[in-house]
Every structure is written in structure tokens, then in C-alpha cells.
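The following paragraphs lead the reader through one structure, beginning with the ligand and moving on to strands, rings and cysteines.

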Amino acid sequence: MADPKGFLKHTRAEAPKRPVDERLGDWHEVYAALSAEERNEQVSTQASRCMDCGIPFCHSGSAGCPLGNLIPEWNDMVRRGRWQAASDRLHATNNFPEFTGKLCPAPCEAACVLAISPDAGGAVTIKRVEETIAEVSWENDYVTPQVAEEQTGKRVAVVGSGPAGLAAAQQLTRAGHEVTVYERDDRIGGLLRYGIPEFKMEKSALDRRLAQMRDEGTKFVTGCEVGVDLAVEELRARYDAVVLAVGALRGRDDTSIPGRELEGVHLAMEHLVPANKECEGDGPSPISAKGKHVVILGGGDTGADCYGTATRQGALSVTQLDNYPQPPTSRDDERSPWPTWPYVLRTYPAHEEFGERKFAVAIESFVGDDEGHVRAVRLRHVKVQRDENGRRQVVPISDEVEELPCDLALLAIGFEGVEHMPLLDGLGIELTKRGTIGCGSNWETTAPGVFVCGDAHRGASLVVWAIAEGRSVANAVDAHLTGASELPSPVHPT
Ligand code: SF4
């Protein structure tokens, strides 16, 4: 039974961050390293704010956790200091709680009943509780390899090693199948490895999970593009089932902007991937922001990742542009009605460190120098509206043009779906209108025995959805191979 008055005794307190000067001197995570005792005490206090609601919106429903994380239960266990029980309960629904604890924008917190009004002190810090349970689990060896008791003799290939592929692979390995994960890049992890900067999640958190998976029996092959380095016929001959977890990495471009072709104008991932490789020790990034005026188009997560990366690379200035007006800064605003997704300004630690954000603006053109390199961007003030067909339009609202210096422009305006790959041609799979891979109600694509999950199916989305889809596709593949499955299936195909 939760403490029903906990939220009256304690207000929401975020995890303390390191001073800005200190964190800009390295690439480590932005949060301060506390002693285990101090951290656990702070987090127990925060967990004690949970009311164990009769209808816990955090836990499920359209706005809550897609994994069905048993949030009120582990909040209460943490409040009581029962960390191992909390670890068991958390790992029952989430293979990688440290990934979600560090990276997920927390729809659970947006849905928390305590987020109704500032008078309630703010949502329970569910993410921090989740991440701390995971850390305590590693520190105390609660996380151990779960080796299957029996092998089924069935073989499964998982193509792609992001969070969806890893979750599917771990579930299927634990169910007794022989699972091999194929990754075209040189290291395992997909977006977790080369899309997420070190200051958001240090890669040691990924590596220890991969070690756990190897100990459980999952095999990994890197530097192998299936469909090129491994022929589709060979793939089909070797495996009883295939899971496509290839992501949705086709970056949205806007070639209609005059000057897009100039040198120094890049898609966001062209900046982030080599920067993350440099952090892995692979040598200097060819697209560094050092000594440059950086302009980022797009106000979302990827833009914020570019922002923090450019700052750490030593940019002279960083400006992030958003078409939309600045949202309210708190939920105590009539434009931000609970329980909808909080229509409030989302800030990231990177925004506290350096640079500025500009709202209700759009790029009119990139301006080049005599050598064909971008030297400035021209901006117009805009509003966003819908045309008669409901399509989004960005409309200028004044004739005034503002010019900003710019040596490096980064387009972080979203992803358009799955990249073209010979594997899909070889399997005879066509993309949907949304650029994703379609499937039936059991996650099976139009190619028999080939399943899909994660961004490749859903389109670019949250890490928590990727893990949820990976777990669900594992249930479907297990049932396909054995006739029935007891693996959990938290979500259904869209
Ligand atoms: Fe606890 Fe908030 Fe979930 Fe209610 S909605 S059970 S207060 S975390």
C-alpha cells in the first residue's frame, strides 16, 4: 500500500546535474554521480510520492507506458527499500530499463495523475526511479544471464541491432531459439550506438547489456549487410524465421530551400554518427562544429542531440529553429490541459548549456560564399496552419528577413521511413505509403516467415515503443515456430 500522503510531504525533485562548465569539458552523461546511499535515498523519497492510483494512467492506456511497466508496484517497492523485488518487477516488462530511464521522454510522467496541476507538486519522477532500479540491479548483481533451459532447435535471424532488434533477440534467445543478430555497421547498437550521444547515454550501459545477451547465447555479426554480404537465399536457407528491425533512418530533407546544395548543409545524422564514432575512438569527425556558427533546423530530440554535440565540439554559436511558436513553459497554462500530452516547452540539458532557440521561424534560404560554402541563413517569421486538405503549411507572417551567420547547418526535421535496401528487394517486400514495412496482425510481413518490428514498422518513434514492439514480435515468432508462445506481447501492430 502506497503512502497516500507522500506527494503532500515531498515535491518533485529532478536528478541533480553536473555544473555546465564541467559537463562541457567531457562527453559523459550530464547527471551528477551521487553515492549509492544518497541517490537511493533521494529516489526512495520521490517514489514515495506515488499514490498507487486506482486507475494508474502512467501504467497503461493510450497515454501511458507502452510496455505496461508496473510503475505503482515498483514505486512502492523502492519506497520500502525492496530494490531486488523492484528489479524483478521492472525486468518482467522491460528488457532494458536503463535505456528507457535515460532516453525515453516518459509518456508515463505526462500521464501521471500528479501532473494535473502544479499544486500536486508535479508528476512522480518515474524515469529516474526506473533508471535507478536498473543501476541498483547492476551494482548488486541482480541482473544475470537468463539462459534458456531447453533449446528448440529453431534458428532466427534478427536484422538490425537497435532497441527493437535487441529486445526481440533477447526474448527469443530466452525462449530457447538460436538467435543471430546482423548489423551492417561495425558495432552493435544501431541508433543506441551511433544516434544517441554519449552525454545522454554512455555506451558502457549498452555494452553491459550486450555482454548479458552474449552470455545468454545470442550471437552477433557486425559489418554484414544482409542482402549484400549475406544473400537473401542464404538467409532464408539458414533460418526458420527472420525479424526485420532495420529502423527508419531515411532522413527528411528539404531540397526546395534555395542553397540546400551548399557545402556545410547536412542532414542531422551526417553530423551525429561520426561524432559518436569519434567518442568510440574512431578518429576525428569530418563534420565537426568546432569554431563554427551552427544552425539546426527542427525542434525535436534529434535537433537537441545535434545541439549538445555541436556545443561540445566547440561551436562559436548554436541556434535551433522551430516553425512553431514557443509553447507555454508550464502545465499551469490553459493551453496545456491535462491529460493530453503536455503541450509545454520541452527543454533538454543541452539547452541550458549554450546557444539559443528561435521559435515561429523558418529558413527562407541558405546563403553561400564564393567557394560554394554556406555562410549564412535567412529566416522569416512564420505561422503553421492547415490547408483545406488538412496538410501542414508554414506561412510567412511578415516581410522582414533576418540573417544569421552559419558555417554548419543541420537538418533535423524528421525521418521519412525505411532506407532503400537490397534485402527488401530480395524478400519482395514493398514499403507502405508511410515508407514503413507493413505487416499483418501477427507482425508477419508479406514474405512468409519474415516479421517486422520497431521504427521499420511504426516509423521513427520512441525507444520505449521499439522495445515494446521487439517484445511483441518475439511472441509472434515464438508462436510461429512452436505453435504457441508464453512470451509477453504488450502492443499490437498499427
Ligand atoms: Fe503513481 Fe502517478 Fe502512476 Fe498514479 S499515475 S500510480 S501517482 S506514478
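In this predicted model, helix α4, spanning residues 71–79, supplies three residues to the shell around the ligand, the largest share. The shell comprises 13 residues, of which C50, C53, C58, C112 and V113 come nearest to the ligand. Its composition by class is 11 nonpolar residues, one polar residue and one charged residue.

Attention may now turn to the strands. Strand β6 covers residues 293–297 and is mostly covered, with four of its five residues buried. Its partner is strand β7 (residues 317–321); the two strands run parallel and are joined by five bridges. Within this pairing, V295 stands opposite T319 of β7.

The aromatic side chains offer another view. A pair of aromatic rings is described by the distance of the centres and the angle of the planes. Three such pairs are found in a search of the whole structure. One of them joins Y182 and Y239: the ring centres are 6.1 Å apart and the planes meet at 85°, and the pair is therefore edge-to-face, since an angle over 60 degrees places a pair in that class. Y182 belongs to strand β2 (residues 178–182), whereas Y239 lies in the loop between α12 (232–238) and β4 (241–244), so the contact ties together parts that are 57 residues apart in sequence. Both Y182 and Y239 are buried.

Rings also take part in contacts with charged groups. The charged end of R312 sits over the ring of F199, at 4.1 Å from the ring centre. In a further case, the charged end of R458 is placed over the ring of W465, 3.6 Å from its centre.

Finally, the cysteines deserve consideration. A disulfide is a covalent bond between the sulfur atoms of two cysteines. How many disulfides does a search of the whole structure find? The search finds zero, and two residues illustrate the reason. For C279, the closest cysteine sulfur is that of C306, at 13 Å, which is too far for a bond, because the two sulfur atoms of a disulfide must lie within 2.5 Å. For C453, the closest cysteine sulfur belongs to C439; the separation of 9.5 Å is likewise too far for a bond. The surroundings of C279 and C453 can also be described by accessibility. C279 is partly exposed, with a relative accessible area of 31%, while C453 counts as buried at 1% relative accessibility.

Methods. Residues numbered from 1 in each chain as written. Predicted model: local features only at pLDDT ≥ 70, side-chain atom pairs only at ≥ 80, totals over all residues. Heavy atoms only, no water. Buried < 20%, exposed > 50% of the residue type's maximum accessible area, 1.4 Å probe, protein only. Phe/Tyr/Trp six-rings, centres within 6.5 Å; stacked < 30°, edge-to-face > 60°. Lys NZ or Arg CZ within 6 Å of the ring centre and 35° of its normal. Near = heavy atom within 4 Å. Nonpolar A, V, L, I, M, F, W, Y, C, P; charged D, E, K, R; others polar. Pairing = 2+ DSSP bridges.
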